[in-house]
Amino acid sequence: MTLLGRLRTPEWLYLAYFLYVALLASILPLTPAIVLRAWLMLAGAAVLFAILTTPLLSIARDWIEVALVLVAYRQMDWFSVESKARILERTWVGWDRRFLFERGFGAWVEIMGPAGPWILEFSYLLVYGIGAFSVAAIYIAGDRDRASRFLAVYLTGTLLAYALFPYFPSDPPRVVFPDANLPRYMTATRSLNLFLVGGYGIHSSVFPSAHVSSAFSAAWGLLRFLPEYRWVARAMLIYAGIVSVATVYGRYHYAADAVAGLVVSLIALASAFHQRPKRA
């Protein structure tokens, strides 16, 4: 089998994504240094994936494919713009106020005091480990070959959300509207989330919500490729719904972002049914 034939679907998805980023960086008015970094990233990924086809690295291959999500995410910060028109944000926050907060959305979450907000913020925090958790669940099920099939679904929803960021330059409601509809409770988990998104987040866009798209995409992948432990997939699906609420309540996203993230994940769901659930 040729080298290209030994590449897995997740690796092809990454190569397509990195190529897309390099081409977009070359077209948009970005600095030559960023354009060079984008092309070097594509070349580096190609070399890395060629090395990972070595059978002795088969386990490392799964986890490196999980870890590269962070690299793909950070690349989107290259497309951040200093001046945004705020047309999108004003429209989206208007919808939030009209359809959610004027109808008691925040009060409903806080009806039992800080417990509800704490759970939402903790759920938001756990999103960063979804890929690793899901691959570990597949390992425990005893069929590691399905990890790459799961990752293909998970990455479809996650990378597609990232790829859309440059077309919707925007900032989160907690930044653009710092005095409107913020949570009443500053829990420890919220403080940690604010630290992470403030220090390590990107500033290109919040639409669509990659938190939502990745959580639902993980649920779809587990439903398809972990059928013997259906409860794990169902729990992930419930968790994805909680994350959707958390992104809006915490003002990390507008409701429009969460809905768009769900829609993006449906493309990942469709991709899941183009793969066999088990190796033939």
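Is R86 buried, exposed or partly exposed? That's the warm-up for these exercises, and bear in mind that the model is predicted.

**Exercise 1. Classify R86 and work out what its side chain pairs with.**

Step 1. Start with accessibility: R86 comes out at 25% relative accessibility, so it counts as partly exposed, given that buried means under 20% and exposed over 50%.

Step 2. Next, look for acidic partners. E89 is one of them, with the closest N and O atoms of this salt bridge 2.7 Å apart. E89 itself is buried, at a relative accessible area of 0%.

Step 3. Now check D171: its side chain meets that of R86 in a salt bridge, at 2.8 Å from N to O. R86 sits in the loop between α4 (58-75) and α5 (87-99), while D171 sits in the loop between α9 (146-164) and α10 (173-176), so this pair ties together parts that are 85 residues apart in sequence.

Step 4. Finish with the burial of D171: its relative accessible area is 11%, so D171 is buried, the cut-off being under 20%.

**Exercise 2. Find what R251 is tied to, then put that pair in the wider charge picture.**

Step 1. The partner is D96, and the closest N and O atoms of the salt bridge are 3.0 Å apart. R251 lies in the loop between α13 (230-249) and α14 (255-272) and D96 in helix α5, so the bridge joins parts 155 residues apart in sequence.

Step 2. Are R251 and D96 buried or exposed? Both R251 and D96 are buried.

Step 3. Zoom out: the structure holds 12 salt bridges. Elsewhere, R8, D62, E65 and R144 are linked in a salt-bridge network.

**Exercise 3. Describe the surroundings of V21.**

Step 1. Place the residue: V21 belongs to helix α2, which covers residues 9-27. With a relative accessible area of 0%, V21 is buried.

Step 2. List the contacts, skipping neighbours within four places in sequence: A38, Q75, M76, W78 and F79 all touch V21.

Step 3. Pick W78 and compare the two separations. V21 and W78 are 57 residues apart in sequence, yet 9.5 Å apart in space, C-alpha to C-alpha.

**Exercise 4. Map the nonpolar cores.**

Step 1. Take the largest core, which has 72 residues; Y17, F150 and Y162 have the most contacts inside it. Its largest share, 10 residues, comes from α9.

Step 2. Follow one of those hubs. Beyond its neighbours within four places in sequence, Y162 is in contact with Y17, V69, A72, Y73, M76 and A210.

Step 3. Don't stop there: another core of nine residues lies apart from it, and its members include F177, V206, F207 and Y254. As background, nonpolar side chains tend to be buried together in soluble globular proteins.

**Exercise 5. Say what the side chain of T247 reaches, and what surrounds T247.**

Step 1. T247 is part of helix α13, and at 0% relative accessibility it counts as buried.

Step 2. For the polar side, the T247 side chain reaches the backbone oxygen of S244 at 2.8 Å.

Step 3. For the packing, leave out neighbours within four places in sequence: T247 is then in contact with Y124, S209, H211, V212, Y252, H253 and A258.

Technical notes. Residues are numbered from 1 along each chain as its sequence is written. This is a predicted model: local features need pLDDT of at least 70, side-chain atom pairs count only at pLDDT 80 or more; totals for chains, interfaces and linings use all residues. Side-chain values use heavy atoms; hydrogens and water are left out. Helices (H or I, at least four residues) and strands (E, at least two) are DSSP runs, numbered from the N terminus. Buried means under 20% relative accessible area, exposed over 50%, partly exposed in between (1.4 Å probe, protein chains only). Contact means heavy atoms within 4.5 Å. A salt bridge is a side-chain nitrogen of Lys or Arg within 4 Å of a carboxyl oxygen of Asp or Glu. A nonpolar core is a set of buried Ala, Val, Leu, Ile, Met, Phe, Trp, Tyr and Cys residues joined through side-chain atoms within 4.5 Å. A polar contact is a pair of N or O atoms within 3.5 Å; within protein, one must be able to donate a hydrogen and the other to accept it, and residues adjacent in sequence count only if both atoms are side-chain atoms.
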